[in-house]
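Please open the structure in your viewer and keep the sequence panel at hand. The tour below moves from one selection to the next and says what is found at each stop.

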Amino acid sequence: MTSVEPTAHPAALSSAGSLAGSPADSPLVGSRVQRREDDRLLRGRGKYVADLVHGTLAAAFVRSPHASARVLDVDVTDAVDVEGLVAVYTYSDLVEADARDGTRVSQRLPLLVPHPDLSHGRTGYPLADGVVRHVGEPVAMVVATDRYVAEDVVDRVRVEYEPVPPVVGIEAARAGERQVHDDVPGNVAAHMVQATGDAPAAISAAPHVLELDLDVERSMSSPLEGRGVVARWDADDGSMRIWSATQTSTGVRAAVATKLALPLAKVECITPDVGGGFGVKIMHPWPEEVLVPWAARLLGHDVSWIEDRREHFISSAHERRQLQHVRVGFDDDGRILGLDVTLWHDNGAYTPYGIIVPIISSTQLLGPYKPGAYQVEFFSLYTNTVIVTPYRGAGRPQGVFAMERTIDAVAAELGLDRADVRAANLIQPDEFPYDQGLTFQDGRPLIYDSGDYPEMLRKIKALVGWDDFPAYREAARAEGRRVGIGLACYVEGTGVGPYEGAHVQVETSGRVNVSIGLTTQGQGHQTVFAQIAADTLGVRMEDVYVTSGDTRRFGYAVGTFASRAAVMSGNAVGLAATRVREKALRIAGDALEVDPGDLEIVDGVVRVVGAPATSIPLATVAVLSNPLRYAFDASAAAATQFAGGGSDDKPPIADDDEPGLEASDYYSPIRSTFASGMHAAIVETDPDTAEIRVLRYCVVHDCGTLVNPMIVEGQIHGGVAQGVGGALYEKVEYDENGQILNASFMDFLMPYATEVPRIETDHMETPSPLNPLGIKGAGEAGVIPGMAVFAAAVEDAEGIPIRRMPISPSELFALRESHAPSPP
Amino acid sequence: MSTEQQVAVRLVVNGAEYAVEVPVRRLLSDALRHDLGLTGTHVGCEHGVCGACTVLLDGTPVRSCLLLAASVDGQALTTVEGLARPGGEPHPVQRAFKECHGLQCGFCTPGFLTTVAAYLEEHPDPSEEEARDAVAGNLCRCTGYQNIVASVLRAAQITREPGRGGRA
Amino acid sequence: MKPSPFAYHRPGTVDEALAVLAEVGGDGKVLAGGQSLLPILSMRLAAPAHLVDVNRLAELAYVRAGPGGVRVGALARHAAVERDEGAARVQPLLRQALRLVAHPTIRNRGTTVGSLAHADPSGEMTAVLAVLGGHVTLASAAGRRRVGAADFFLGPLESAVGPGELAVEAFFPAAAAGAGTAFLEVARRHGDYAVCGVAAVVEPADAAGDGSAGAVRARLGYVSTGPTPSVRELPGAAPVGPGADAASWADAAAQATAGLDPEGDIHATAAYRRHLARVLTARALAAAWSASAAGPGRRDAA
C-alpha cells in the first residue's frame, strides 16, 4: 500500500497539548464535566417537537396497507362529515397546487446521495402517485383540529387498491421474477465492485481456502421519540418556519425551500430538543416534512405532525439486512492472502439515501487488518418494504460481521487461537497512515490516519482475561454449563466532511454564544462544545451558551451522523474561538498598551501574564470591539466616540476587520479520521432452554482525544445496548405479503436494563493528526462489533457455527437440533 | 368537537388543582400534556411498553398512555414537574441522574424519574441487581442503562444522607 | 394511535354498572385495569361503541383470603393481590405467578380478574386459575352465575363473559395441606409474555396426606401452549418419591406434555415451545415438590 504524508495542520494546540486558553492544571477538555442540558431536561422542561403543537392543526396520513399495489381511487365522501376535519389532500391536489403556485410538491422526493454506480436510483413522492411500494407509504394527508379527529378521518377515507404480489426478501429480489420498479430490471438499484490487488488470484494460490455464507437480519434505529414536524407560515413576511426532530436542520431547510419554491432566505429550520436519532432522522425530507409546511401555507395556519409508534415502524426507515458470501485464502499462520466478498443489500422500496450503507459495509469490512488482496462486490436490491437508510453503524456492523466471522473460521480451520490470527493480520503502528486502496463513503481514499491495534488487542485480552478463559470454559463444562467467549475488532471512519462550522461571539455582558450548524439528539453538545470554547477562550463554562441545529443561528452545516459532531464541530468551535481569542488579545493589547503576546485570558478576564492586576474584562473588550455612537448602557459608554482611545488617523473599523468580538470558522477535513475498538463478550447458554445470558462485556476503544470522557462512555454504553439488541433481540419481521409482523414495542424487542450487561471499558487515545484537537468520533463505536462478538461467543459455547444474526433461544434450539448427531 | 362526548375531570397534579373538560377518549398522557400544559411527561409508544409516560397516581407508578383522563377523575398525580422541592431544589433522583450521567436525550427520563422516585420510597437501600430490576420496565435507547442503574444507587445514597432525606 | 370515539359510562355502583351493561350488551366493553384494553383501543384493533368504566366500584376492590381459598374482587389490582400476605399463605402460586406478570408499573393498574376475562393464553393468571380449578363469578342484571375454569376460557381472547355481564370476582382454591407450588416461565425479555410457562402444584398422594409415603399428585397449567390454558394431571402413582431425581422428573414431564400442541410465531417455533414445556415442567415439578411436604424440606419454590 502506498504511504501518504500526514497533512500539516494548524497548531492551535499549545505545547502542553491543551487548548490555547485553558489552564494547564484543570482544562475542561478531557474532564468529566456534568451536563448543562440536564437541569432543564430533568425538570421536564425539555421542549421536543411534540411539545410545540399547541395551537396547531394536526396532520395524520392514510397509509398503504399493501406492500405493492396500484392506487385506483381515493374516496373521501365518508370523511367530509367528521367534525373537526379541515382538509384532505391526495396526489392530484399536489399536482394542482404545483400548477397553480409554482411549487414542486408533486415531484419526486430528492435522491440525496447520488453515485455513479447507483444506476437505478429511485425515490418516491410525498403522496403516492398511483402506485404504492411498501406498507406504510403515504397515500393521503388529513389535517384536522387534533390528532384524535385526524385519525377518525383517516379511518373513513376509502382507498381502492389493486394489490400486486410484492417482492419481499433478498432472495425474491435477486430472483427477479417480479419487479418493485417497472424500469429496474432484476431489482438492482446499484452494482458496485471495489478491489485492491487481485483477490481471486491470491485465493487460488493460497494454501487454504474457506467459504462462508452469512446472514444479517433487518433492524432499525427506533429512537424513543419518533419523527415530528411543526410548520408556521408567516403570510405577512412570506416566510416559513419549521421545527423538525431532524438530524439536519440545513438539509430540511434546503429541501423544503426547493419543494415550496421559496427563497432559502425565507425558510428557517429549527431543531428543538430531539429524543434520539441513531441515524433514522438524518433521512430527509420525509414526505411529512414537505407536506406539513406546504399545508401550513395553504391553510394559513400552523400545522403539526407527530408520528406515532406504529407509523415509525411502517414508514420511517430500517437497515442492516444483507446476505453475504465470503471466500478467503490464507496461509498456515492465518494471514489472509486474499478476501473476496459479495454482499446483497436490501435497500427497501426507494433509494433516497443512495448506497452509503453498502459502501460503508464494503470498505469498513477490512477493519484493522491488511489482507493481501481484497475484492468486494455488492448488489443493492429493491424490495417492497420500508426504505433503508443508515442506522447507527451504518453498514459497519454488517462488514465487521463478515470479517470477524471469517477470521474466526480461519482460526477454527487451523486450530489457532482467534486472537493470534487477528494479531497476524493487524496493521502495525508504524504503518500509519495506511492506505487500504479503496474509496470511502466520503468519496475520498480510505486511508487510516492513526491507531495502535496490537496494543488494543493486548488490552482487550487483559480486560476480559482471554488467556485464562479456556480453563474456565473447561471447568464450567465439567459442571454441565456452557460458556463461550467472543472477540471482535473494528475500525470506524469518522468525521466525514465536507465541513462543519461554528460561530463564537462574546457579548458585552461577557456571555459567550456558540452556534454550531449541526444538530443534537442527546450527545451533550451544549456541554462538550462549551468545554472547548471555554478552554480556548479562557472563560468560565457557565458563561458559554451553545445552540445547535438552528438555521437562524448558523446556516451552513451538513448534519449529525457518522460519528462526526465532536470531530467536525468540535474543531470548528476551537478554530472560531481561537480567532475570537486572537482578536480579543489584540484589542486588549491596544487598550492596556501591552503586547498581545504577554496576555492571557482567565475566567473571562484578559490580564498580563505574571502581572494580573493589569487587566481588562473580556466583556469590556467586547464593548470596545464595536465602536458605537450610542451608549445603550453604562458599560457601552467606553466605546463611544468621545470616550477616548483609538487613533485619529485610522478608521474605527480597519479594512480587514469587522465590528464585534465574534468570528466564524469552519473545519473541513482532508478525509475521515479512523477510530477503532475491540470488544469481547462472555456468554452462557442454557443446555436445556437455549437461553443466552451475557456474563461479561468488555470494550477497549480509541477515539483519539476525549473532550468529555463521561459523555464518550455514555455513547459507548448506548451503542453496546444496541449491539446486544441487534445480536440477541431485534429483528424487523416481514411476512411474504410484505406485512411487518412486529410493528410495536411488544414484539420488536428492544432490550430493557435486565437484558444489557454491565459494560467494562478501557480506552486508548491515539490522537488524529488530521485535526487540531486530535479528536476521532465515538458515536457509533459501541454498536459496531455487537453481532460479530456475540456470534463468536455463542459459537464458542456451543461448538456450532453461527452464521446468522440476531439469534434467539428458539433459533439456537433449532441449530442444536440440526447439528445434533443422528441417533444410531 | 362539541358532538363528541365530553367529561369534566378534576385532577390534583403536583399539588395543584385542575378542572378541565375533555373528550371522554382523551388519554391521561394527552390530557396532562395538552389540556394541562404539562409536557414533561412524554409519549413513546402508546401501548404501555416503553414507560416514558409513567406518572405517579396517588404515589404509585402507572402508564399514563394506558389510562383515560376520565378514569382518574378526582385523583392525585405526580409528574416529573412535581418532583423537585417547592423551593426548586432537585429531588434526590434528579440530582443523582445528573451526577451519574443517567440521561442523554432526556426523552425517556421523566418515566424513569417517577418510577425510581416511587421505588426508593419503598426500597431505600437497593442492591445493584435490585436497582436494575426496578428500572426493567422502562426503555432507554441512549444510555445502555449502566448509568441509570448507577443513578438509582446514587439517589438511594443521597436519600440516606442525614439532612437530605427524600420525600417528593 | 388514539382510540376511536365511544360513549363513556362511569357507574358508581355495581348495580348501576349492570344496568348499563344490560343496555349496551355486546356493544360495550368493560374498562377496569385497561392495561390490555387501552392498547387495543389505541391501535384501533377494536372500536366498541360503549365503554363502561368500572374503576369507581370500590366495593369490588378486595382480596379476601380464607381457609377455602382466595377471593379476588374485580377491582383488585395485580399489585394488591401480589402484596396480600393472607393470599400468599393460602395459595402461594398466586404470588409466584403475579411476580411474572408484565412489570410492576403495569401490575399497579391491571386487575387480576380483568386479565382472566381477557383470556389471553399467554397470560400467567389464566394458567393459574385453570390449574387450581378456580372459578369466576359473573354478574348481570339477570343475576349471578359461576363459571369454573374449565369452562371459562373458550379460545384466544375469548372468555365465557357474555354480553351484559361483568366478571365481579375470581376464586382461587387454597393449596391443599402439604402441597407445594411453582411457576416458571421463559420470556424473551424481563416482563414479556411467556414464550412458555408452567404452573405446577404438587400434593402428597398418600392417605396421611403428609408425604411420608412419597407418592405425589401433580397438576400442571400451561401458558402459551394453545388457544386456552392447558391443564395436565399426573397420576398419583407417578414414580416420584423420596429419591426423586432429574430422570424421574424428566419422565413425568414427558408424560405430562405429550399431548401439548403449541403454535409457532415470530418469537418461537412450535418445536421449541414443546421442548420448553418439557424442560420447564421437569423444573417446575422439582421445585414444587421441594416446596411440598413430600420434598426434602419446605421452602419457597422459585
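At what angle do helix α17 (residues 709-728) of chain A and helix α18 (residues 786-798) of chain A pack, and how far apart are their axes? Bear in mind while looking that this is a predicted model. With both helices selected, the angle comes to about 55 degrees and the axes lie 8 Å apart, which makes α17(A) oblique to α18(A), since the angle is neither under 35 degrees nor in the range of 65 to 115. Looking at the pair, one finds that α17(A) passes α18(A) in a right-handed crossing.

Next, show the side chains where the two helices touch. On the α17(A) side the residues are V720(A), G723(A), V724(A), G726(A), A727(A) and L728(A), and they meet G786(A), M787(A) and F790(A) of α18(A). By class, this contact holds six nonpolar residues and three polar ones, with no charged residue.

**The domains of chain A**

Keep chain A and colour it by domain: domain 1 is made of two segments, 322-496 and 670-819, while domain 2 covers 497-667. The C-alpha centres of these two domains of chain A lie 42 Å apart. Their contact draws 21 residues from domain 1 of chain A and 18 residues from domain 2 of chain A. On the domain 1 side, the elements that give two or more residues are β18 (482-494) and α17 of chain A, so named here that the helix from the opening stop can be picked up again. That side of domain 1 of chain A divides into nine nonpolar, eight polar and four charged residues.

**Local backbone features of chain A**

Three places in chain A deserve a closer view of the backbone. Select H284(A) and P285(A), which are joined by a cis peptide bond with omega of about -15 degrees; P285(A) sits in the loop between β11 (267-270) and α7 (287-299) of chain A. Then move to M805(A) and P806(A), where a cis peptide bond has an omega of about 5 degrees, and where P806(A) belongs to the loop between β29 (804-805) and α19 (809-819) of chain A. Finally, centre on D603(A), which is not a glycine and yet has a positive phi of about 50 degrees; D603(A) lies in the loop that runs between β22 (599-602) and β23 (605-608) of chain A.

**From chain A to chain B**

Now display chains A and B together. Here 45 residues of chain A are in contact with 48 residues of chain B. Which element of chain A supplies the largest share of the side that touches chain B? The answer is α17(A), with six residues, while α1 (38-42) and α3 (147-156) of chain A are also among the elements that each supply at least two. Sorted by class, the side of chain A that touches chain B has 20 nonpolar, 16 polar and nine charged residues.

**Chain B by itself**

Hide chain A and look at chain B alone, whose secondary structure comes to five helices and five strands, in the order β-β-α-β-β-β-α-α-α-α from the N terminus on. Along its principal axes, the C-alpha trace of chain B spans about 55 × 35 × 25 Å. The radius of gyration of chain B is 16 Å, which agrees with the value near 15 Å that a compact globule of 168 residues would have.

Colouring chain B by domain separates domain 1 (6-82) from domain 2 (92-160), and their C-alpha centres lie 22 Å apart. The contact takes 16 residues from domain 1 of chain B and eleven residues from domain 2 of chain B. On the domain 1 side, β3 (54-57) and β4 of chain B are the elements that give two or more residues, and the largest share, three residues, comes from β3(B). This side of domain 1 of chain B has seven nonpolar and nine polar residues, and no charged ones.

**On to chain C**

For the last stop, add chain C to the view. In this interface 21 residues of chain B are in contact with 24 residues of chain C, and strand β4 (residues 60-63) of chain B gives the most to the chain B side, with four residues. That side comprises eight nonpolar, nine polar and four charged residues.

Chain C itself has eleven helices and 14 strands, and its C-alpha atoms fill a box of roughly 60 × 45 × 30 Å along the principal axes. With 302 residues, a compact globule would have a radius of gyration near 19 Å, and the 20 Å of chain C agrees with this.

Methods
Residues numbered from 1 in each chain as written. Chains lettered and ligands numbered in written order. Predicted model: local features only at pLDDT ≥ 70, side-chain atom pairs only at ≥ 80, totals over all residues. Contact = placed C-beta atoms within 7 Å. Nonpolar A, V, L, I, M, F, W, Y, C, P; charged D, E, K, R; others polar. Axes fitted to C-alpha atoms, helices over the stretch in contact; angles between N-to-C directions. Parallel < 35°, antiparallel > 145°, perpendicular 65-115°, else oblique. Left-handed = near helix turned anticlockwise from the far one by under 90°. Domains from an automatic or database assignment. Rg over C-alpha atoms; globule rule 2.2 N^0.38 Å.
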